[in-house]
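Got your viewer open? Load the model, switch on a cartoon view and keep the selection box handy.

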Amino acid sequence: MSNVYFAGDLHFGHIGITKFRPVFHEAEHRETIIENFNSVLGKRDSLWLMGDIAFSDEMIDQVARITCAYKFLVLGNHDCKNIARWMTVVDNIYGITKQKGMWLSHAPIHPEELRGKINVHGHVHYATLDDPRYFNVSLENIGYDIVTGK
């Protein structure tokens, strides 16, 4: 059996991450996330990365260390835009996409654009919208782990 997981705002390579998350170094932050993800993800699972994942080419390469069958990237405003490099570690890249009755985006989309669907997003970190149509998968909001779309 396979599962689908979501997470956003990993911020690999963000030197200032220690100001916002309970870590001492960016490398500690990155290693903890990779270990947490790999302890949950199975070899047939899919992972949707909801933007602000890697700030540089070198950090894109670190995403390859997350092991699962498929990785999909929804580009965020802080992601390195080297699409050729991204395509070596993810299966597809999106700006915004509609999948199985959900809008998947980095930032929350306007309520009038939801058209009866929910919006899985990141970007806002702790500032979760008080609206059941939105599901914030920023690491701060989901306990620095991944969540399943079951």
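Here is a tour from one helix to a sheet and then to a hairpin.

This is a predicted model, in which local features need pLDDT of at least 70, side-chain atom pairs count only at pLDDT 80 or more, and totals for chains, interfaces and linings use all residues. Residues are numbered from 1 along each chain as its sequence is written, and side-chain values use heavy atoms, with hydrogens and water left out.

**Stop 1: helix α1**

Select residues 26-40. That is α1, with 15 residues and a reach of 22 Å from its first C-alpha to its last, close to the 21 Å expected at 1.5 Å a residue (the expected span is 1.5 Å times one less than the number of residues). Helices here are DSSP runs of H or I with at least four residues, strands are runs of E with at least two, and both are numbered from the N terminus.

Now show side chains for Glu26, His29, Arg30, Ile33, Ile34 and Phe37, the buried residues of α1. Buried means under 20% relative accessible area, exposed over 50%, and partly exposed in between, with a 1.4 Å probe and protein chains only. Look down the axis of α1: these buried residues fall within an arc of 125°, so they line one face of the helix (the arc is taken over directions from the helix axis to the C-beta atoms). Spin to the face turned away from the buried side and you'll find the exposed residues Glu35 and Ser39.

What covers the buried residues of α1? Add β1 (4-7), β2 (46-49) and α2 (57-63), which are among the elements that do.

**Stop 2: Phe37 and the core**

Pick Phe37. Apart from neighbours within four places in sequence, Phe37 is in contact with Ala7, Leu10, Leu47, Ile66, Leu139, Tyr144, Asp145 and Ile146; contact means heavy atoms within 4.5 Å. Phe37 is also one of the residues with the most contacts inside the largest nonpolar core, along with Phe6, Leu10, Leu47 and Trp86; this core has 37 residues. Such a core is a set of buried Ala, Val, Leu, Ile, Met, Phe, Trp, Tyr and Cys residues joined through side-chain atoms within 4.5 Å. Elements supplying at least two residues each include β1, α1, β2 and α2.

**Stop 3: the open sheet**

Color five strands in the order β4-β3-β2-β1-β9 for an open sheet with mixed pairing. β4 and β9 stand at the edges with a single partner strand each, so one side of each is left without a neighbour in the sheet. Two strands pair if DSSP finds at least two bridges between them.

β1 and β2 run parallel over four bridges: find Phe6 opposite Trp48, and Ala7 bridged to Leu49. On to β9 (residues 147-148), which is antiparallel to β1 and joined by two bridges; there, Tyr5 stands opposite Thr148.

**Stop 4: two positive phi values**

Go to Asp52, in the loop between β2 and α2. Its phi is near 55°, positive in a residue other than glycine, and Asp52 is buried at 1% relative accessibility.

Next, jump to Lys100. Buried or exposed? Lys100 is exposed, at 82% relative accessible area. This residue sits in the hairpin of β5 and β6, which has two residues between the strands, and takes a positive phi near 45°.

**Stop 5: strand β6**

From that hairpin, follow the four antiparallel bridges between β5 and β6, with Thr97 partnered by Leu104. Both faces of β6 are covered: Met102 and Leu104 are buried on one side, Trp103 and Ser105 on the other. Finish at β7 (residues 118-121), which pairs with β6 in parallel over three bridges; Met102 stands opposite Ile118 there.
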